[in-house]
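Subject: Structure handover

Dear colleague,

Please find below the structure for your review. My findings on its packing and strand pairing follow directly after it.

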Amino acid sequence: MFHLFKIAYRNLHRNRRRSLLTILAIGSAIALLIFMGGITEGELQGALDVAIRLQTGHIQIHEESYEEGKNSLLWKDLLKNPEDIIVRAGELNQVRAATQYLWTGGILTVRDESVNVRIIGMEPESEVNAPFREALVKGDYLNEDDRDRIYIGQRLADSLDITVGQNLSLILTDANGQPVEAIFTICGLYNTGASSYDEITVFLPLSKAQSLTGTDGHASAITILLHDQNQSEQVAQAFRAPEITVKTWQEMNGFILRFVELSDAYMGVLNFIVLAVGATVIVNTLLMSVFERTREIGILMAIGMKSRQ
């Protein structure tokens, strides 16, 4: 057996260029697979993490009649006494944090420029909102007691050529369908890294948003963060009840998860193709080696080497 390994080793040096090219081809194929797999998985996992961190949380609770995307402020579409649900969430060991939001849309006006924005009333000190607090790049973060301050994205501020300390006008529709206008001072700018989010989203303290829209004691949704996201379905069951919709992060991020599955299938096909090419290179190298050594192999067999060797 040692002699066979010796012969094989010497054969590698017989045609060094061919051996080197074969090794490079196989190494390049493996490196390409690792690189593409890492990039794809990293990008998709990053997109999912951003969605959970900035928008969906691990669990969201809505009134059954609430339609996502419409940002309805009708009382029938809002959660009543959301504090009670938050207290229940805090009693569960699986829950890391829970908070309530009020979502609506409006028009932000500065000088003679206007832009449609998404307005979010939030509890600034909640752990769920830590990503927005950590995204602060200039000025101050919101306080729950703020009544005339607003927190906006840096990209939005740049597009309107405004900064911390300047005033702006916010126009929205309240729960009764009446237009409401208020003047706010920019307290701080944030940058989450999600440009499409930063360009259209502004934040107000929850109590101010409720007062402005006439929705005191109501919320559009409750968002819950868990210690372990794999327990989302188990925790969601504890909150399911008539007239309430409870969704897990898998349901809310279905598009991203489907894209992950599609990406996995694509990478499987790509892996097969690359490995097939690598195998072809190896087989071609072996065949060339055998054809070049036909005479030598014949001599070895003549002096007693078995076919199986």
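In this predicted model, Leu108 is in contact with Glu113, Ser114, Val115, Val117, Leu156, Leu160, Leu168, Ser169, Leu170 and Val202, not counting its neighbours within four places in sequence. Leu108 is also among the residues with the most contacts inside the largest nonpolar core, together with Ile150, Ile152 and Leu170. That core has 27 residues. At least two of its residues are supplied by each of strands S3 (95-110), S4 (113-122), S6 (149-153), S7 (167-173), S8 (179-190) and S9 (201-205), and likewise by each of helices H5 (154-160) and H7 (206-213). S8 provides the largest share, namely five residues. Another core, of 20 residues, lies apart from this one; Ala97, Phe132, Ala135 and Tyr141 are among its members.

S8 also merits attention for its pairing. How many bridges join S7 to S8? There are seven, and the two strands run antiparallel. Within this pair, Asn167 has Thr185 of S8 as its bridge partner. S7 and S8 form a hairpin with five residues between them, and Gly177 in the turn has a positive phi of about 85 degrees.

S6 and S8, by contrast, run parallel and are joined by five bridges; here Tyr151 is the bridge partner of Gly188 in S8. Strand S5 (residues 136-139) runs antiparallel to S8, with three bridges between them, and Lys138 stands opposite Leu189 in S8.

Yours sincerely

Key: Residues are numbered from 1 along each chain as its sequence is written. This is a predicted model: local features need pLDDT of at least 70, side-chain atom pairs count only at pLDDT 80 or more; totals for chains, interfaces and linings use all residues. Side-chain values use heavy atoms; hydrogens and water are left out. A nonpolar core is a set of buried Ala, Val, Leu, Ile, Met, Phe, Trp, Tyr and Cys residues joined through side-chain atoms within 4.5 Å. Buried means under 20% relative accessible area, exposed over 50%, partly exposed in between (1.4 Å probe, protein chains only). Helices (H or I, at least four residues) and strands (E, at least two) are DSSP runs, numbered from the N terminus. Contact means heavy atoms within 4.5 Å. Two strands pair if DSSP finds at least two bridges between them.
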